[in-house]
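This report goes through one protein structure piece by piece. Please keep the sequence and the 3D view open while reading.

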Amino acid sequence: MLVIAHLSDTHLDSHPRSAERTARVMDYLHGLPRPVDAILITGDIADHGEVAEYETAAKLFDSPLPVMVCPGNHDVRDAYRKGLLGDDRGGAGPINARHDVAGAVFLLADSSVPGADDGHLDEETMVWLADELGSVPAETPTFIAFHHPPVVLHHPVIDPMRLLRAEPLAELVAAHPQVVAVLTGHFHTAAASTFAGRPLRIAPGVVSTLRMPWEGEGPLATQTQPPGVAFHVYDDAGLLTTHYRVVV
């Protein structure tokens, strides 16, 4: 049985609040009686994309467990590389990474578009995904993770900032039966849907929780709700189950 803890949208900045909430979630995960197999963090690591914010993230994400991270629309690639990845060379190209964890493969793609809030998987990233999927045996469970959800989630403000032009990815996923699920963030609320016939799971936000249109008037996001985390469980029968928790 594979258990992955999935969090997103830490939005670390100079204010201690975001760091405290992130530390609370990490402490909760580190204190579990049965350690998870890995921690997945799907973007918007920093709020302003500054090197110092990523240096804070590197300290908070330090863990005896495997930690897998990808960027979001608030992240800046050059600073992300320098502050979080420790790469002094920096660089502006997409940040894509493969992780092999407990017999499964995680392909973390960069859906960020520099200077924009919506998401896009550029040609370089799509070629990388296709090559990686082509190298994974059909019997190996594979998860694709990135920041922007690729489907409409019924929020008039956030939906225009989803992953746009998702059809090429849908075709790629449909052609590879080893893809178990697509895992994203960005929405700041726990959600579940389907994409290309596979489960789509969206992590809750750490820094805040999105208010849905039917929940009444008020600010776009509330900071009164506690941070949340998703636990994705993939069992020996090939069933994916997700449990959502708040961390008080």
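Helices (H or I, at least four residues) and strands (E, at least two) are DSSP runs, numbered from the N terminus. With that naming, Asp62 is placed in the loop between α2 (51-60) and β3 (67-70). The model is predicted, so local features need pLDDT of at least 70 and side-chain atom pairs count only at pLDDT 80 or more, while totals for chains, interfaces and linings use all residues. Residues are numbered from 1 along each chain as its sequence is written, and side-chain values use heavy atoms, with hydrogens and water left out.

**Asp62 and Thr10**

Accessibility is given in three grades: buried is under 20% relative accessible area, exposed is over 50%, and partly exposed is in between (1.4 Å probe, protein chains only). Asp62 has a relative accessible area of 60%, so this residue is exposed. From its C-alpha to that of Ala221 the separation is 28 Å in space, and the two residues are 159 apart in sequence.

Thr10 also sits in a loop, the one between β1 (2-7) and α1 (16-30). Is Thr10 buried or exposed? Its relative accessible area is 0%, and therefore Thr10 is buried. Contact here means heavy atoms within 4.5 Å. Apart from neighbours within four places in sequence, the residues in contact with Thr10 include Ser18, Gly43, Phe61 and Val206. Ile45 is another residue in contact with Thr10, and a polar atom of the Thr10 side chain lies 2.8 Å from the backbone oxygen of Ile45.

**Arg17**

Arg17 belongs to helix α1 and is partly exposed, because its relative accessibility is 22%. Which residues does Arg17 contact, leaving aside its neighbours within four places in sequence? They are Val207 and Gln223. The side chain of Arg17 has a polar atom 3.0 Å from the backbone oxygen of Val207, and this side chain also reaches the backbone oxygen of Gln223 at 3.1 Å. Along the chain, Arg17 and Val207 are 190 residues apart, yet their C-alpha atoms are separated by 8.2 Å.

**Salt bridges**

A salt bridge is a side-chain nitrogen of Lys or Arg within 4 Å of a carboxyl oxygen of Asp or Glu. Seven salt bridges are found in a search of the whole structure. The table gives three of them.

| Acidic residue | Basic residue | N to O distance |
|---|---|---|
| Asp37 | Arg34 | 3.4 Å |
| Asp87 | Arg89 | 3.0 Å |
| Glu132 | Arg98 | 3.0 Å |

In the pair of Glu132 and Arg98, Glu132 lies in helix α4 (residues 123-135) and Arg98 in strand β4 (residues 97-101), so the salt bridge ties together parts that are 34 residues apart in sequence. Glu132 counts as buried because its relative accessibility is 17%, whereas Arg98, at 32%, is partly exposed. A network of salt bridges links Arg98, Asp100 and Glu132.

In the pair of Asp87 and Arg89, Asp87 is buried at 18% relative accessibility, while Arg89 is exposed at 74%. Arg34, the partner of Asp37, is partly exposed, with a relative accessible area of 39%.

**Two positive phi angles**

Most residues other than glycine have a negative phi. Arg165 is not a glycine, but its phi is positive, at about 55°. Arg165 lies in the loop between β6 (142-145) and α5 (167-174) and counts as exposed, because its relative accessibility is 58%. His188 likewise has a positive phi, near 60°. His188 is in the loop between β7 (179-184) and β8 (191-195), and its relative accessible area of 12% makes it buried.

**Empty space**

On a 1 Å grid over the protein atoms alone, a cavity is a set of points where a 1.4 Å probe fits but cannot get out; a pocket is an open set with protein on both sides within 12 Å along at least five of seven lines; lining residues have an atom within 4 Å of a point. Grid points are joined across faces, edges and corners, and a volume is the space filled by probe spheres set on the points.

The largest pocket has a volume of about 340 Å³. Its lining is made up of 22 residues, and His11, His74, His188, Val207 and Ser208 lie nearest its centre. One cavity of 30 Å³ or more is found in the whole structure. The largest cavity has a volume of about 30 Å³, and its lining residues include Pro149, Asp159, Arg162 and Phe187.

Conventions:
Polar contact = N/O pair within 3.5 Å; in protein donor to acceptor, adjacent residues only side chain to side chain.
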